[in-house]
Amino acid sequence: MSDRVVTTDIPLGDPGRGVFAFRVGDRVPEQQVKENGWEAYVASPKSAAGQQAAAEAAGTAPAKSGGRG
């Protein structure tokens with residue numbers, strides 16, 4: 001079984017409380033993803049989205065363009 005990388009924070013309990021089961025960049029076992037229906041929150045670590053999430057969590061992601069300036 002392989003792991004998935006979280007691309008969007010996975011809330012724990014009621015949304016909006018600021019409590020998360022997993023945060024962007026965390027790795028989650030695929031079986032746990034399937035059991036909890038978290039497919040929309042994760043990506044393969046080999047995918048562009050998975051690599052971007054891991055880089056953001058590690059603080060090594062390139063700066064995003066656009067924004068205030």
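Me: What phi does Gly59 take just after H2?
Reply: Gly59 has a positive phi of about 80 degrees. This is a predicted model, where local features need pLDDT of at least 70, side-chain atom pairs count only at pLDDT 80 or more, and totals for chains, interfaces and linings use all residues. Residues are numbered from 1 along each chain as its sequence is written, and side-chain values use heavy atoms, leaving out hydrogens and water.

Me: Why is H2 called a helix?
Reply: Helices are DSSP runs of H or I with at least four residues, and strands are E runs of at least two, numbered from the N terminus. H2 covers residues 48–58, so it fits that definition.

Me: Which residues of H2 are called buried?
Reply: Gly50, Ala53 and Ala55. Buried means under 20% relative accessible area, with exposed over 50% and partly exposed in between (1.4 Å probe, protein chains only).

Me: What makes S1 and S4 a pair?
Reply: Two strands pair if DSSP finds at least two bridges between them. S1 and S4 have 3 bridges, in the antiparallel sense, so they count as paired. Asp3 stands opposite Pro29 in S4.

Me: How many bridges join S1 and S5?
Reply: There are 2, again antiparallel, and Val5 stands opposite Ala43 in S5. The open sheet runs in the order S4-S1-S5. S4 and S5 are its edge strands, each pairing on one side only.

Me: What does Val33 touch?
Reply: Leaving out residues up to four places away in sequence, Val33 touches Arg4, Val28, Trp38, Glu39 and Val42. Contact means heavy atoms within 4.5 Å.
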